[in-house]
Amino acid sequence: MQGEWLPQPAAEDIRLVRVLHALGDPVRLQLLSVYLRGQEFDCDLSGLGLDHLHKSTVSHHMKVLREAGVTSTRVSGRNRFVKLRRVDLDKRFPGLLDALLRGLEGEAS
C-alpha cells in the first residue's frame with residue numbers, strides 16, 4: 001500500500017479511556033460498525049446512513065477515531081483510506097471489539 005499515514009498513537013500508547021470516549025458518540029459507533037467489516041474504506045461513506053451529516057462533521061468523527069487509536073488513515077493523492085486497527089486494539093484490550101460488535105448487532109435486531 002502506497003501513501004502517507006496520518007498521525008496516530010503507537011499501539012502501546014492507545015489508552016482505553018480515549019478509545020471509550022471516541023466510541024461514546026452514536027456517529028462514531030456507526031463508523032465502527034462499518035470498519036468492523038475488516039477492509040480499508042475510502043472516505044466516501046455514502047449509503048451508510050451518514051448522508052445527513054456534513055462532510056466536515058464526518059471528517060471530524062474520523063479524526064477523533066484516528067487520534068484515539070481506533071483507526072488508521074492512509075493518504076494517497078487526494079484520497080484517504082481508513083482501516084480499523086483491529087490487531088492493535090485486540091492486543092491492548094482483548095474482547096473489547098467483539099463485545100462492541102455483539103452490542104451493535106443486538107441493537108440492530
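**Exercise 1. Place E67 and K63 in the structure, then describe their contact and exposure.**

Step 1. Helix α3 holds both E67 and K63. Four residues separate them, about one turn of the helix. The model is a predicted one.

Step 2. Look at the side chains. E67 and K63 form a salt bridge, with 3.9 Å from N to O. The cut-off for a salt bridge is 4 Å between a side-chain nitrogen of Lys or Arg and a carboxyl oxygen of Asp or Glu, so the pair counts.

Step 3. Check exposure. Buried means under 20% relative accessible area, and exposed means over 50%. E67 has 33% relative accessibility, so E67 is partly exposed. K63 comes to 41% and is also partly exposed.

**Exercise 2. Find how many salt bridges the whole structure has, and work through those of R85 and R86.**

Step 1. Start from the principle. Side chains of opposite charge can pair when their charged atoms come close.

Step 2. Take the total. The search of the whole structure gives four salt bridges.

Step 3. Turn to R85. Its partner is D88, and the closest N and O atoms are 2.9 Å apart. R85 is buried, because its relative accessibility is 7%. D88 has a relative accessible area of 22%, so D88 counts as partly exposed.

Step 4. Turn to R86. R86 pairs with D98, with 2.4 Å between the closest N and O atoms. R86 belongs to helix α4 (residues 86-92) and D98 to helix α5, so this salt bridge ties together parts 12 residues apart in sequence.

Step 5. Extend the pair. Salt bridges with shared partners join R86, D90 and D98 into one network. R86 is partly exposed at 25% relative accessible area. D98 is partly exposed at 34%.

**Exercise 3. Trace the strand pairing around β4.**

Step 1. Begin with β3 (residues 71-76). It runs antiparallel to β4, and six bridges join the two strands. T71 has L84 of β4 as its bridge partner.

Step 2. Look at the turn. Two residues lie between the strands of the β3 and β4 hairpin. In this hairpin, G77 has a positive phi near 65 degrees.

Step 3. Add β2 (residues 41-42). It pairs with β4 (residues 79-84) through two bridges, in the antiparallel sense. Here D42 stands opposite F81 of β4.

**Exercise 4. Identify the largest nonpolar core and the elements that build it.**

Step 1. Size the core. The largest nonpolar core contains 25 residues.

Step 2. Name its hubs. The residues with the most contacts inside this core are V19, L32, Y35, L65, V70, L84 and L89.

Step 3. Assign the elements. Two or more core residues come from each of α1 (16-22), α2 (26-35), α3 (55-68), β4 and α5 (96-108).

Step 4. Link back to Exercise 3. L84 is the bridge partner of T71, and L84 is also among the core residues with the most contacts.

**Exercise 5. Summarize the fold of the protein in numbers.**

Step 1. Count the elements. There are five helices and four strands. Their order along the sequence is β-α-α-β-α-β-β-α-α.

Step 2. Take burial. The protein has 109 residues, and 37% of them count as buried.

Step 3. Take contact range. Consider contacts between residues at least 6 apart in sequence: 68% of these join residues at least 24 apart.

Step 4. Take the surface. The accessible surface is about 6700 Å². Carbon and sulfur atoms account for 51% of this area.

Note on methods:
Residues numbered from 1 in each chain as written. Predicted model: local features only at pLDDT ≥ 70, side-chain atom pairs only at ≥ 80, totals over all residues. Heavy atoms only, no water. Pairing = 2+ DSSP bridges. Core = buried A, V, L, I, M, F, W, Y, C linked by side-chain atoms within 4.5 Å. Buried < 20%, exposed > 50% of the residue type's maximum accessible area, 1.4 Å probe, protein only. Contact = heavy atoms within 4.5 Å. Areas by Shrake-Rupley, 256 points an atom, 1.4 Å probe, with all protein chains shown as cover.
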